[in-house]
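Biologist: Let us go through this model together. I will ask, and you reason from the coordinates.

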Amino acid sequence: MEMEIFGYDFDGVITCGIKPREISDVIITGRCIDEKEYVSKVLRKLGIENEVFYNPMFLKDRGNHTYLSRVYSGIHKVETIDKLLKNGIKVTRFFDDDEVQIKIIKESCSFDIEIVHILSNLIEY
């Protein structure tokens with residue numbers, strides 16, 4: 001029997017005031033592992049204690065605010081969602097604000113996942 005949860009992006013979702021509904025929900029951020037201290041600080045300030053999955057790349061390798069960095073982040077989210085599924089945890093709904101990453105998640109996940117597109121001012125459309 002698999003557990004069903006929701007997943008949330010950090011920038012443009014959590015930072016815009018959307019909070020996980022349950023402690024079992026997860027945050028899957030495109031932010032790199034060397035940005036963990038900043039993300040943890042923001043989450044503590046918001047009172048959010050959910051598990052966070054960071055992009056395993058370093059910021060210098062991923063880049064910042066480029067199309068390719070957004071692709072790397074989308075791939076990381078798909079890999080994390082699929083890894084959770086292999087461990088009996090199905091992310092049934094994912095909240096994200098980046099159309100590039102949303103497209104990658106929709107096209108590459110091993111199952112049909114509901115995406116909630118959050119409109120934020122962080123992404124230029």
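Modeller: One definition first: rings of Phe, Tyr and Trp pair if their centres lie within 6.5 Å. Keep in mind that this is a predicted model.

Biologist: Which residues do ring pairs link into a cluster?

Modeller: By this rule there are 3 aromatic pairs. One of them joins Tyr8 and Phe95. The cluster linked by ring pairs is Phe6, Tyr8 and Phe95.

Biologist: Is the pair of Tyr8 and Phe95 stacked or edge-to-face?

Modeller: The ring centres of Tyr8 and Phe95 are 4.7 Å apart. Planes under 30 degrees apart count as stacked. Here the angle between the planes is 0 degrees, and the pair is stacked.

Biologist: How many residues apart in sequence are the parts that this pair ties together?

Modeller: Both Tyr8 and Phe95 are buried. Tyr8 lies in strand 1 (residues 3-8) and Phe95 in strand 4, so the pair ties together parts whose separation in sequence is 87 residues.

Biologist: Why is the pair of Phe10 and Tyr38 put in its class, stacked or edge-to-face?

Modeller: The ring centres of Phe10 and Tyr38 are 6.4 Å apart. Planes over 60 degrees apart count as edge-to-face. The planes of Phe10 and Tyr38 stand at 90 degrees, so the pair is edge-to-face.

Biologist: Where do Phe10 and Tyr38 sit in the chain, and is Tyr38 buried or partly exposed?

Modeller: Phe10 is in the loop between strand 1 and strand 2, and Tyr38 is in helix 1 (residues 36-46). Phe10 has a relative accessible area of 0% and is buried. Tyr38 has 43%, between the 20% and 50% cut-offs. Tyr38 is therefore partly exposed.

Biologist: On to the nonpolar interior. Which residues have the most contacts inside the largest nonpolar core?

Modeller: That core has 17 residues. Strand 2 (26-32), helix 3, strand 4 (89-96) and helix 4 (99-108) each give two or more residues to this core. Those with the most contacts inside it are Ile28, Ile81, Val91, Phe94, Ile105, Ile113 and Ile115.

Biologist: Which residues are among the other core, of 14 residues?

Modeller: That other core lies apart from the largest one. Its 14 residues include Val13, Ile27, Val39 and Val52.

Biologist: What is Ile28 in contact with, leaving aside neighbours within four places in sequence?

Modeller: Ile28 is among the residues with the most contacts inside the largest core. Beyond four places in sequence, its contacts are Tyr8, Asp9, Phe53, His76, Lys77, Thr80, Ile81, Leu84 and Phe94.

Biologist: Now the second largest pocket. Which element gives the largest share of its lining?

Modeller: The volume of the second largest pocket is about 210 Å³. Of its 13 lining residues, the closest to the centre are Pro56, His76, Glu79, Thr80 and Lys83. Strand 3 (51-55) and helix 3 (67-86) each supply at least two lining residues. The largest share, 7 residues, comes from helix 3.

Biologist: How do the residues of that lining divide into nonpolar, polar and charged?

Modeller: Gly counts as polar here. The division is 7 nonpolar, 4 polar and 2 charged.

Biologist: Last, the backbone. What is the phi of His65?

Modeller: Most residues other than glycine have a negative phi. His65 sits in the loop between helix 2 (59-62) and helix 3. At 72% relative accessibility, His65 counts as exposed. Although not a glycine, His65 has a positive phi, about 60 degrees.

How values were computed. Residues are numbered from 1 along each chain as its sequence is written. This is a predicted model: local features need pLDDT of at least 70, side-chain atom pairs count only at pLDDT 80 or more; totals for chains, interfaces and linings use all residues. Side-chain values use heavy atoms; hydrogens and water are left out. On a 1 Å grid over the protein atoms alone, a cavity is a set of points where a 1.4 Å probe fits but cannot get out, and a pocket is an open set with protein on both sides within 12 Å along at least five of seven lines; lining residues have an atom within 4 Å of a point. Grid points are joined across faces, edges and corners, and a volume is the space filled by probe spheres set on the points. Helices (H or I, at least four residues) and strands (E, at least two) are DSSP runs, numbered from the N terminus. A nonpolar core is a set of buried Ala, Val, Leu, Ile, Met, Phe, Trp, Tyr and Cys residues joined through side-chain atoms within 4.5 Å. Buried means under 20% relative accessible area, exposed over 50%, partly exposed in between (1.4 Å probe, protein chains only). Contact means heavy atoms within 4.5 Å. Rings of Phe, Tyr and Trp (its six-membered ring) pair if their centres lie within 6.5 Å; planes under 30 degrees apart count as stacked, over 60 as edge-to-face and the rest as tilted.
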